[in-house]
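Reader: Could you take me through the structure shown below? I would like to ask about packing, backbone geometry and cysteines as we go.

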Amino acid sequence: MEGKKILRTKICDILGIEYPVLLAGMFWACGPSLVAAVSNAGGLGVLGATRLAPEQVRDWIRRTRSLTDKPFGVDLLLPALPESTSSITSEEDLKAYLPKEHVEFVGRLKRELGVPDVKAVEQATLGTGELRKVVEVILEEKVPVFASGLGAPDWVVADAHAQGIKVIGLAGNVRNALRQKEAGVDIIVAQGYEAGGHTGRIGTMALVPQIVDAVSPTPVLAAGGIGDGRGLVAALALGAVGIWVGTRFVATKEAGIEHAELGVFTDWTNENWKQKILQATEEDTRVSRIYTGKTARQINNKLIETWEKSGMSTLPMPLQGLLVRELQAGIMEARLGDYITGFGGQIAGMIKEIKSAKEVFDEIVEGAIRILEGLRGEVSIKG
């Protein structure tokens, strides 16, 4: 943002960035193109590497470096998994743990919807063994920042710090924030209920100041319901030192490009996701477990409604994701747009246009600066 006014907080010094705006490392959206665009704009781009194989992660890290010389990060989900599945590293082995009644239910859904049998692209499992291999790649590549979008990165922190890597942990309540602090993370994201993706039960306005107070002096970023300069200013007023932004960056030209290249989903699916965000109001998101087994907010769709109306239970992560993967692949193949949407937060109601990541980034920063400057004239303190 050459020639423009500067807005800095201490997170900028910690991470070596110009502005206190970080890209949430969302799987299905944050590939090298989007990450580099955010970093080049002056923030911190973060790769969404969950479910990528170790060498795919290495390739993405190197592709990102070819697009930017600025700092960036990598995000992984580190869930607490059932002990029976924690060491599994192949999908075929994992399928043995899928209950027969759930497999039969999904089969009936496929027939009722008339979707074709499609073999989903195999992805790395969330088993601990595979995750450790990915973490090893991140450490070897000495990526500036490692983020854990779910779970505690306590087993990563010491090795990351030994390589000069900063660690970010996410928390949806004070208890988990204190756990992240105890684990030694450098930065904590306080993510409110409004957020897209895996989320908790407490709203951002209430959550952020409570986490700020509880973990001080560890710096805190605010997330959930933030997509413009007003959200950045509000986050700073609540005691955060910056923002972690997801849904607003999904609705950008660069989002999801590389995930479509991998065959995880198609260009049509990527565009459908973005268009559903544009069409959504603030009431058109829903928290459900049907895609991952963990509570996650996404743009509502008919598959969620059908599943929940049936009364069928969901399975723990990573089994639920494996259970529905080929159903999702069939829905993509049939282009049933009303039955598949991506994650998205309540901020979706504010998003009306697909823009470049740089345009979105600049609008956030410039909007915040205008508000802060305007407050000087609007607010007076006497006495």
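**Helix packing, loops and cysteines**

Author: One place to begin is Pro318, which sits in the loop between helix H14 (302-310) and helix H15 (319-334). Please keep in mind that this is a predicted model.

Reader: What sort of peptide bond joins Met317 and Pro318?

Author: The bond is cis, with omega at about 10°.

Reader: And the bond from Ser216 to Pro217, cis or trans?

Author: That peptide bond is cis, and its omega is near 10°. Pro217 belongs to the loop between helix H9 (204-215) and strand S8.

Reader: Let us turn to helices. At what angle do H10 and H16 pack?

Author: Helix H10 (residues 229-237) packs against helix H16 (residues 357-378) at about 60°, and their axes are 7 Å apart. That angle makes H10 oblique to H16. The crossing of the two helices is right-handed.

Reader: Which residues meet there?

Author: From H10, the residues are Gly229, Arg230, Leu232 and Val233. They meet Glu363, Ile364, Gly367, Ala368, Ile371 and Leu372 of H16. By character, the residues of this contact are six nonpolar, two polar and two charged.

Reader: Which residues of H10 are buried?

Author: Gly229, Gly231, Leu232, Val233 and Ala235 are the buried residues of H10.

Reader: What do they pack against?

Author: The buried residues of H10 pack against H16 and against three strands, namely S1 (21-23), S8 (220-223) and S9 (243-245).

Reader: What does the backbone do just after H10?

Author: Gly239 follows there, with a positive phi of about 105°.

Reader: How do the axes of H2 and H16 cross?

Author: The axis of helix H2 (residues 32-41) crosses that of H16 at roughly 40°, and the two come within 9 Å. This crossing is right-handed. On the H2 side, the contact is made by Leu34, Ala37, Val38 and Ala41. On the H16 side, the residues are Ala357, Lys358 and Phe361. The contact of H2 with H16 has six nonpolar residues, no polar ones and one charged residue.

Reader: Taken as a whole, is H2 mostly covered or mostly open?

Author: H2 is mostly covered, with eight of its ten residues buried. Those residues are Pro32, Leu34, Val35, Ala36, Ala37, Val38, Ser39 and Ala41. After H2 comes Gly42, which has a positive phi near 120°.

Reader: Which phi does Trp28 have?

Author: Trp28 has a positive phi of about 80°, although it is not a glycine. Its place is in the loop between S1 and H2.

Reader: And is Trp28 buried or exposed?

Author: Trp28 counts as buried because its relative accessibility is 16%, and the cut-off for buried is under 20%.

Reader: What about the phi of Arg335?

Author: Arg335 is a residue other than glycine and has a positive phi near 55°. It lies in the loop between H15 and H16. Arg335 counts as exposed because its relative accessibility is 56%, and exposed means over 50%.

Reader: Changing topic: where does Phe265 lie?

Author: Phe265 is in the loop between helix H12 (257-262) and helix H13 (267-279). With a relative accessible area of 2%, Phe265 is buried.

Reader: Which residues does Phe265 touch?

Author: Leaving aside residues up to four places away in sequence, Phe265 touches Trp28, Gly256, His259, Ala260, Asn270 and Met332.

Reader: How far is Phe265 from Ala251?

Author: Their C-alpha atoms are separated by 16 Å, and the two residues are 14 apart along the chain.

Reader: Finally, the cysteines. How many disulfides does a search find?

Author: A search of the whole structure finds zero disulfides. Cys12 is in no disulfide, and the nearest cysteine sulfur, that of Cys30, is 19 Å away.

Reader: Why does the sulfur of Cys30 not form a bond with that of Cys12?

Author: The two sulfurs are 19 Å apart, which is too far for a bond, and the sulfur of Cys12 is the closest cysteine sulfur to that of Cys30. A disulfide requires the sulfur atoms to be within 2.5 Å.

Reader: Is Cys12 buried or exposed, and what of Cys30?

Author: Cys12 is buried, at a relative accessible area of 1%. Cys30 is buried as well, at 0%.

Terms used. Residues are numbered from 1 along each chain as its sequence is written. This is a predicted model: local features need pLDDT of at least 70, side-chain atom pairs count only at pLDDT 80 or more; totals for chains, interfaces and linings use all residues. Side-chain values use heavy atoms; hydrogens and water are left out. Axes are lines fitted to C-alpha atoms, for helices over the stretch in contact, and angles run from 0 to 180 degrees between N-to-C directions. Helices (H or I, at least four residues) and strands (E, at least two) are DSSP runs, numbered from the N terminus. Angles under 35 degrees count as roughly parallel, over 145 as roughly antiparallel, 65 to 115 as roughly perpendicular and the rest as oblique. A crossing is left-handed if the near helix is turned anticlockwise from the far one by less than a right angle, and right-handed if clockwise. Contact means heavy atoms within 4.5 Å. Ala, Val, Leu, Ile, Met, Phe, Trp, Tyr, Cys and Pro count as nonpolar, Asp, Glu, Lys and Arg as charged, and the others, Gly among them, as polar. Buried means under 20% relative accessible area, exposed over 50%, partly exposed in between (1.4 Å probe, protein chains only).
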